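Trainee: I should like to request a close look at one part of this model, namely the aromatic pairs and what surrounds them. Please give the answer as one connected account.

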Amino acid sequence: MSTTDAPKKPRETDDVPVPATLRKSLKNRHIQLIALGGAIGTGLFYGSSESIALAGPSILLAYLVGGFAIFMIVRALSEMSVEDPKAGAFSYYATRYWSKRAGFISGWNYWFNYILVSMVELSVVGSFVNYWFPAIPTWVSAAVFLVIICAANLLGVSKFGEFEFWFAIIKIVAVIAMIIGGLAVIIFVLPTASGVRASFANWFTVGNGFFPNGLMGQNSDGSWTGLLMALVVVMFSFGGTELIGITAGETEDPKTTIPRATNDIIWRILVFYIGALGVIMAVVPWNTIDGKSSPFVQIFDSVGIHAAAGILNFVCLTAVMSVYNSGLYANSRMLYSLAKQGNAPAYLGKLNSRGVPVAGVLTSAAITAIAVVVVFVWPEFAFNYLMSIATIAGIINWTMIMFTEMKFRKVVAAGGAPEDSELAGKSGKEALDAIHFKLPFAKVTPWVVLAFLALVVVLMCFSASYRVAVIAGVIWLAILFAAYQITQAKR
């Protein structure tokens, strides 16, 4: 074929009609902020109270250990994403390098996980709106935000990237402002409401010191506490960081952008989790953080800035919108990938002229709306059981990423690398050495991470609230296996 006969490459913009294809419109700044925004959410602003109560100042070690595990999980995913950037990420990789069954389970598990997470975020959005407008019914707020975010996702991937960019900026500014404000209180020895002088020495002198509850122990009511139990809470606050892999198929320059965003995760965890909570516990005695309000509100209240509650309410509202925006994006791409694999109905694999899997967006939004209705009608059922599945689904997802990475390396070593990859035509050590963005200590790291995830599951069994999640996880996996067999039998 002559060069004049070759099909022209479509312009990669969301505003010019071109043949239906995913657009590589996400720029470096989008990916950087999407990755950062995925690690900062209501789990940090409000959920950190629970982890602090369990471990005291030693919670900083829990975030460090958990952050290292998450970093390696994302590194494993990014190793595959850089060499083979595809929509659907780990579901596609599980199918391509493991088995069609693995791809089915990985994809549908992740999709359902984000449906449930989105359900919870939308169900609580009304409480943030009611802070200013108490007369508005919570279901109205949920419906309005669902429509707004759905419409934003239909505009194109670059618009999604812009929404996430600014959502993340708001969260980042809030955390940095808190850290700077807290450091000012410490440096200038400003008076605090507790009467305790703000100092990093408070980590070791307040409430039985740095390890007030030890590694693990029981309270008088029989509940378990300590550093190890806090790991369970910490790990689920990191959910969403794997979104980097989902974006690879629509990233402008994945070979440069994905490694940079992935490597930045570790310092983000240090600054935005360990740094923020370290400052909080230096200003506010950790044993006075009771969960009745956010630690971020308490630190400003302690020095007389009482507008902090309203400011944080706005930040949390944007955080909720960010989570649902990311969830809807990830779910639509996952359904698209599953359809291309033959693991979902074919209509979900169709794109409009803007490169958006419209059916995937609308289907995910509709199912989420039904789930939100379930929350409003049967809140106890929804939060006790549906969220238990969402809790364990994150562990299943991370586990499958690590197994898939090991399968990926076996295929690459056997000469089965993607044809459009620089690894094509290579095999054995030559192929493995040519991997652009390697998982560190790849022969050992996956097993260390898997052992850590297994420990987290065991620790969940010691908690009454998380024990339900472990049981639900076994049932959920059985349902996915059965669903795969049924769909294959029908074909």
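Mentor: The model is a predicted one, and it holds 23 aromatic pairs. One of them joins tryptophan 98 and phenylalanine 403 in a tilted arrangement, with 6.0 Å from centre to centre and 45 degrees between the planes. The angle counts as tilted because stacked planes are under 30 degrees apart and edge-to-face planes over 60. Tryptophan 98 belongs to the loop between helix H5 (90-97) and helix H6 (100-130), whereas phenylalanine 403 belongs to helix H16, so the pair ties together parts that are 305 residues apart in sequence. As for cover, tryptophan 98 is partly exposed at 33% relative accessibility, and phenylalanine 403 is partly exposed at 30%.

Next in sequence to this pair comes threonine 404, which is also found in helix H16 (residues 379-413). Threonine 404 has a relative accessibility of 1% and therefore counts as buried, the limit for that class being under 20%. Apart from neighbours within four places in sequence, threonine 404 is in contact with Met80, Tyr93, Ala94 and Trp98. Tryptophan 98 thus appears twice in this account, as a ring partner of phenylalanine 403 and as a contact of threonine 404.

Helix H16 also carries charged side chains. Glutamate 405 and arginine 409 form a salt bridge in which the closest N and O atoms are 2.9 Å apart. Both residues lie in helix H16, four residues apart, or about one turn of the helix. Glutamate 405 and arginine 409 are each buried. The bridge is part of a network of salt bridges that links Glu79, Glu405 and Arg409.

The structure holds four salt bridges, and others among them have different surroundings. Aspartate 84 and lysine 86 meet through their side chains at 2.7 Å, N to O. Aspartate 84 is buried at 2% relative accessibility, while lysine 86 is partly exposed at 26%. Aspartate 433 and lysine 429 form a salt bridge as well, with the closest N and O atoms 2.7 Å apart. These two residues are four places apart in helix H17 (residues 428-433), so about one helical turn separates them. Here aspartate 433 is partly exposed at 42% and lysine 429 is exposed at 62%.

A charged group also meets an aromatic ring: arginine 75 lies over the face of phenylalanine 437, at 4.0 Å from the ring centre.

To return to the rings, Phe200, Trp203, Phe204, Phe210 and Phe211 are linked by ring pairs into a cluster. Phe211 also takes part in a nonpolar surface patch, together with Leu61, Leu64, Leu215, Trp267, Leu270 and Val271; the accessible area of the patch is about 600 Å². Helix H4 (59-83) and helix H12 (254-283) are the elements that give two or more residues to this patch, and H12 gives the most, with three. Tryptophan 267 lies in helix H12 and is partly exposed, with a relative accessible area of 41%.

Helix H10 (residues 227-237) offers a contrast to the patch, for this helix is mostly covered, with nine of its eleven residues buried. Among the buried residues of H10 are Leu227, Met229, Ala230 and Ser237.

Notes:
Residues are numbered from 1 along each chain as its sequence is written. This is a predicted model: local features need pLDDT of at least 70, side-chain atom pairs count only at pLDDT 80 or more; totals for chains, interfaces and linings use all residues. Side-chain values use heavy atoms; hydrogens and water are left out. Patches are made of residues with over 30% relative accessible area and no salt bridge: like charges are joined within 9 Å, nonpolar side chains (Val, Leu, Ile, Met, Phe, Trp, Tyr) within 5 Å. Accessible areas come from the Shrake-Rupley method with a 1.4 Å probe; for residues, only the protein chains shown count as cover. Buried means under 20% relative accessible area, exposed over 50%, partly exposed in between (1.4 Å probe, protein chains only). Contact means heavy atoms within 4.5 Å. Rings of Phe, Tyr and Trp (its six-membered ring) pair if their centres lie within 6.5 Å; planes under 30 degrees apart count as stacked, over 60 as edge-to-face and the rest as tilted. A charge sits over a ring if NZ of Lys or CZ of Arg is within 6 Å of the ring centre and within 35 degrees of the ring normal.
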